[in-house]
Amino acid sequence: MSYQNSKNIYDEAIKFIPGGVNSPVRAFKSVNREAPIFVKKAKGSKLWDEDGNKYIDYICSWGPMILGHNFERVIAGVRDEIENGSSYGLPTKLEVELAKLITNSCPSIEKVRLTTSGTEATMSAVRLARAYTMRNKILKFEGCYHGHSDALLVKSGSGLLTDGYQDSNGITAGVLQDTLTVPFGSREKIQEILEKEDVACLIMEPVPANMGVITPDVEFLKFVREICTKTKTVLIFDEVISGFRLSLGGAQEYFGITPDMTTLGKIIGGGYPVGAFGGKKEIMDLVAPIGRVYHAGTLSGNPISVRAGLETIGYLYENRETIYKTLEEKTKYITTELEKIAREYNVPVCINRLGSLYTIFFTDRKEVNNLEDALSSNTENFAIYFNEMLDNGIVIPPSQFEAHFISLALSDEDIEKTLKVARKAFEKISKK
């Protein structure tokens with residue numbers, strides 16, 4: 001494959017954009033690439049770059065492309081809607097329809113407020129929890145990523161882990177003091193903090209996917225729910241990734257655990273910029289204009305994003321009995337086969353999967369249950385795996401610490417090609 005056009009674009013990009021990219025993981029630095037690929041178009045399960053190379057896509061825009069790229073129903077809706085206008089700064093009927101669809105799908109959400117991004121949603125949810133409890137401190141898990149607002153970047157995951165650190169510069173000492181962190185799964189430390197400190201909320205990915213996918217113990221999730229109830233701490237499920245992906249009602253429906261608040265993003269806009277936070281009526285009624293917790297945004301509820309979300313979630317809603325089963329079967333098959341190939345070439349891996357998400361950790365640990373386990377991964381082996389896949393037409397997340405996403409558009413032929421290329425990658429790793 002030739003990557004010269006992408007390389008030329010990257011050389012131009014670094015003159016005007018910090019690092020040449022608008023989100024750090026896109027730079028491909030952790031997988032030892034001279035430059036990232038620059039995508040030109042996408043359709044179904046495929047991407048094409050500026051050099052004309054075609055790839056089977058396992059990034060899916062970090063989750064929202066659950067139906068595949070440019071799904072016809074979604075694109076038709078967007079084309080129809082954009083003829084009316086792109087942004088008004090005033091309410092539309094579509095916003096109400098999407099809000100109804102979200103509240104009918106997610107067990108915990110009685111009222112919902114739309115935002116422009118997942119980061120905005122989690123930031124606003126934390127602010128609302130503080131106002132509701134009249135407490136300042138928040139609790140989060142090490143390695144979980146909830147967007148890039150100050151309070152939630154402490155001991156974070158995703159791109160920070162990819163670049164080899166967990167905290168961002170530019171965060172004040174006061175913010176650091178108010179954000180408490182514990183390892184995922186640590187019951188004793190959670191209980192100790194919540195019973196001794198005035199904590200407004202515990203925010204968590206019910207299925208951590210930003211240090212790689214971590215499969216949670218349902219008993220642990222039940223414990224978190226119980227201790228939050230006992231200590232009157234608001235439990236926030238960050239379902240920006242898991243929402244509408246594990247099931248129509250997200251991880252909370254999948255596990256039968258109901259949080260006080262939920263944050264959503266990505267998928268509720270069908271890949272267009274959008275987010276949302278919602279929860280119990282008594283909490284949500286504190287939001288302006290009926291309450292004094294301020295949240296605003298000109299592009300909140302943007303009609304193009306909302307229409308794309310309505311078409312995407314509408315399709316999931318109508319076909320929920322078959323879609324999630326199909327996605328889970330695809331994921332189970334591909335990960336089971338990857339495990340077999342890894343054993344054949346004596347390459348130590350641990351593959352975590354849930355629903356249509358999976359991560360292949362290049363580690364000799366039998367289980368990866370938290371950040372410490374994830375950090376034991378051999379990132380050199382992952383880089384070899386990534387590059388062999390990319391050079392043979394398979395694009396996976398350019399980081400050991402991210403989730404792979406399966407789309408409905410992924411065909412059996414795509415999967416068999418993926419496994420064939422993975423075999424070449426494992427063989428290369430075994431000979432290094």
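A residue counts as buried when its relative accessible area is under 20%, as exposed when that area is over 50%, and as partly exposed in between, using a 1.4 Å probe and protein chains only. Helices (H or I, at least four residues) and strands (E, at least two) are DSSP runs, numbered from the N terminus.

Before we look around, some housekeeping. This is a predicted model, in which local features need pLDDT of at least 70 and side-chain atom pairs count only at pLDDT 80 or more, while totals for chains, interfaces and linings use all residues. Residues are numbered from 1 along each chain as its sequence is written, and side-chain values use heavy atoms, with hydrogens and water left out.

**A strand on the inside**

Let's start with β9. Of its 5 residues, 5 are buried, so β9 is largely enclosed by the rest of the structure. In a regular strand, side chains alternate between the two faces of the sheet. Both faces of β9 are covered: on one side M261, T263 and G265 are buried, and on the other T262 and L264 are buried too.

What does β9 pair with? Two strands pair if DSSP finds at least two bridges between them. Strand β8 (residues 234-238) pairs with β9 in the parallel sense over 3 bridges, and F237 has T262 of β9 as its bridge partner. β9 is also joined to β10, by 5 bridges, and these two run antiparallel. Here T262 turns up again, standing opposite G278 in β10.

There's a helix in the story as well: β8, helix α9 (residues 250-255) and β9 make a right-handed β-α-β unit. Right-handed means that, with the strands pointing away from the viewer, the path from the first strand over the helix to the second runs clockwise.

**An open sheet**

Elsewhere, an open sheet of 4 strands has the order β1-β2-β3-β13, with mixed pairing. Strands β1 (39-43) and β13 (394-395) stand at its edges with a single partner strand each, so one side of each has no neighbour in the sheet. Strand β3 (residues 54-57) runs parallel to β13, and 2 bridges join them. One residue pair to look for is I56 and its bridge partner I394 in β13.

**Nonpolar cores**

A nonpolar core is a set of buried Ala, Val, Leu, Ile, Met, Phe, Trp, Tyr and Cys residues joined through side-chain atoms within 4.5 Å. The largest one has 64 residues, and Y58, F244, I268, Y385 and F426 touch the most other members. Apart from it lies another core, of 42 residues, including V182, L194, F237 and F361.

**Cysteines**

How many disulfides are there? With a disulfide taken as a pair of cysteine sulfur atoms within 2.5 Å, the count is 0. Two cysteines show why, as their sulfurs are too far from the closest cysteine sulfur for a bond.

| Cysteine | Closest cysteine sulfur | Distance | Relative accessibility |
|---|---|---|---|
| C144 | C201 | 13 Å | 0%, buried |
| C201 | C228 | 9.0 Å | 0%, buried |

**Backbone oddities**

Some loops are worth a look too. The peptide bond from A288 to P289 is cis, with omega near 15 degrees, and P289 sits in the loop between α10 (281-284) and α11 (303-318). K266 has a positive phi, near 50 degrees, though it is a residue other than glycine. K266 lies in the loop between β9 (261-265) and β10 (275-279) and is partly exposed at 28% relative accessibility. N346, also not a glycine, has a positive phi of about 55 degrees. The loop between α12 (320-344) and β11 (350-354) holds N346, which is exposed at 69% relative accessibility.
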